[in-house]
Every structure is written in structure tokens, then in C-alpha cells.
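Please look at the model below and follow its two themes, nonpolar side chains and charged pairs, as the report takes them in turn.

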Amino acid sequence: MRPFRFSLEKVHNYRQAVEEHRKRELAGARLRQEEEERRLRVYVEEREAFQDRWAGGPEEASLGEFWQRDLYLQILNARIDGQAERVIRAAAAVKECQDLVREAMRERKVLERLKARKQAVYNYTAAREEQKQLDDVAVVAFNRRGAEN
């Protein structure tokens with residue numbers, strides 16, 4: 001009997017390649033998300049350090065100094081808000097990539113189950129064929145022993 005050959009092997013290989021590609025995309029998206037979160041932490045820490053530095057500052061600051069401090073805080077808050085939006089977008093991209101990986105895995109597993117079923121049918125058929133041949137050999141051997149006696 002000829003060896004087992006899965007007719008959809010090329011499709012299976014393609015789906016495996018797609019899954020691996022999706023996993024690499026997910027890894028990249030996670031790295032981008034971590035980088036955006038790191039930047040957000042840097043901005044928050046910078047704002048906290050600035051506020052701590054000026055919390056106990058001199059009371060005799062000029063109006064211009066107060067205006068500059070307030071302006072700098074507004075800029076930091078705007079950066080923090082913008083960075084928080086980038087973090088949210090990066091998290092959404094990670095979620096989307098996770099969904100794509102799950103879908104690719106599901107499609108690959110469907111083919112693997114089909115391949116396993118086809119392999120089981122092939123193994124069953126091969127075993128029956130082998131048993132049939134063994135039975136034929138046993139019948140021939142039995143008939144030879146009967147003819148010799």
C-alpha cells in the first residue's frame with residue numbers, strides 16, 4: 001500500500017505560515033505597547049518630579065515664573081494625555097493581533113483534525129489490508145499442510 005499523503009498538506013503548511021506571521025505581528029504589537037507605556041510612565045514621572053520640585057518653592061516668585069510653571073505643566077499634561085491615547089491605540093492593536101492569532105490557530109487546528117481523521121482512516125484501511133494478506137497466507141499454508149497429509 002502506498003504511504004499516507006494528506007491532500008491538503010499545502011493548505012495546512014500555508015495556514016501554519018500565516019499563524020507564525022500573526023504571532024510575529026503580535027510580538028511586535030506587544031513591544032510597541034510596552035514602549036508606549038514606558039513613555040507614558042516617563043512623562044508622568046517628569047510631571048511628578050516637576051510638581052515636587054515646585055511644591056515647596058519660593059513664595060516670592062514673579063508672575064512670569066508662575067506663568068511659565070503653569071504653561072510647562074499644561075504641556076506635560078497634554079503630552080500625558082496624548083501618550084495615554086497612544087497607549088490605548090497600542091492596546092487595541094494588541095487585542096486585534098490576538099484575535100487574528102486565535103483565528104489563524106483555529107483554522108490550522110481544523111486542518112490538523114481533518115489530517116488526523118484521514119490518517120486514522122488510512123491506518124485502519126492499511127491494517128485491514130495487511131490482515132487480509134496474512135489471512136490469505138494462513139489459508140495457503142493450511143491448504144498445503146492438508147495436501148501433504
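## Nonpolar groups and salt bridges

Tryptophan 67 lies in helix H2, which covers residues 63-148. The model discussed here is a predicted one. Tryptophan 67 counts as exposed because its relative accessible area is 57%, and exposed means over 50%. Together with Leu71 and Ile75, Trp67 makes a nonpolar surface patch of about 300 Å².

As a general background, nonpolar side chains in soluble globular proteins tend to be buried together. In this model, the largest nonpolar core has five residues, namely Leu26, Ala29, Val94, Cys97 and Val101. Both helix H1 (9-55) and helix H2 supply at least two residues of this core, and the largest share, three residues, comes from H2. Valine 101, one of the core residues, touches Arg22, Lys23 and Leu26, when residues up to four places away in sequence are not counted.

Charged side chains give a second view of the model, in which the count of salt bridges comes to twelve. Three of these pairs are set out in the table, with the N to O distance for each.

| Salt bridge | N to O distance |
|---|---|
| Glutamate 19 and lysine 23 | 3.3 Å |
| Glutamate 19 and arginine 108 | 2.2 Å |
| Lysine 95 and aspartate 99 | 3.1 Å |

What do the positions of glutamate 19 and arginine 108 in the helices say about their pairing? Glutamate 19 lies in helix H1 and arginine 108 in helix H2, so this salt bridge ties together parts that are 89 residues apart in sequence. Glutamate 19 is buried, with a relative accessible area of 2%, and arginine 108 also counts as buried, at 12% relative accessibility, because buried means under 20%.

The pair of glutamate 19 and lysine 23 stays within helix H1, where the two residues are four residues apart and therefore separated by about one helical turn. Lysine 23 is partly exposed, with a relative accessible area of 34%, whereas its partner glutamate 19 is buried.

Lysine 95 and aspartate 99 both lie in helix H2, where they are four residues apart, about one turn of the helix. Lysine 95 is partly exposed, with a relative accessible area of 44%, and aspartate 99 counts as partly exposed at 34% relative accessibility. Elsewhere in the model, salt bridges that share partners join Glu35, Glu36, Arg38, Arg39 and Arg86 into one network.

Technical notes:
Residues numbered from 1 in each chain as written. Predicted model: local features only at pLDDT ≥ 70, side-chain atom pairs only at ≥ 80, totals over all residues. Heavy atoms only, no water. Patch = residues over 30% accessible without salt bridge, like charges linked within 9 Å, V, L, I, M, F, W, Y side chains within 5 Å. Areas by Shrake-Rupley, 256 points an atom, 1.4 Å probe, with all protein chains shown as cover. Salt bridge = Lys/Arg side-chain N within 4 Å of Asp/Glu carboxyl O. Buried < 20%, exposed > 50% of the residue type's maximum accessible area, 1.4 Å probe, protein only. Core = buried A, V, L, I, M, F, W, Y, C linked by side-chain atoms within 4.5 Å. Contact = heavy atoms within 4.5 Å.
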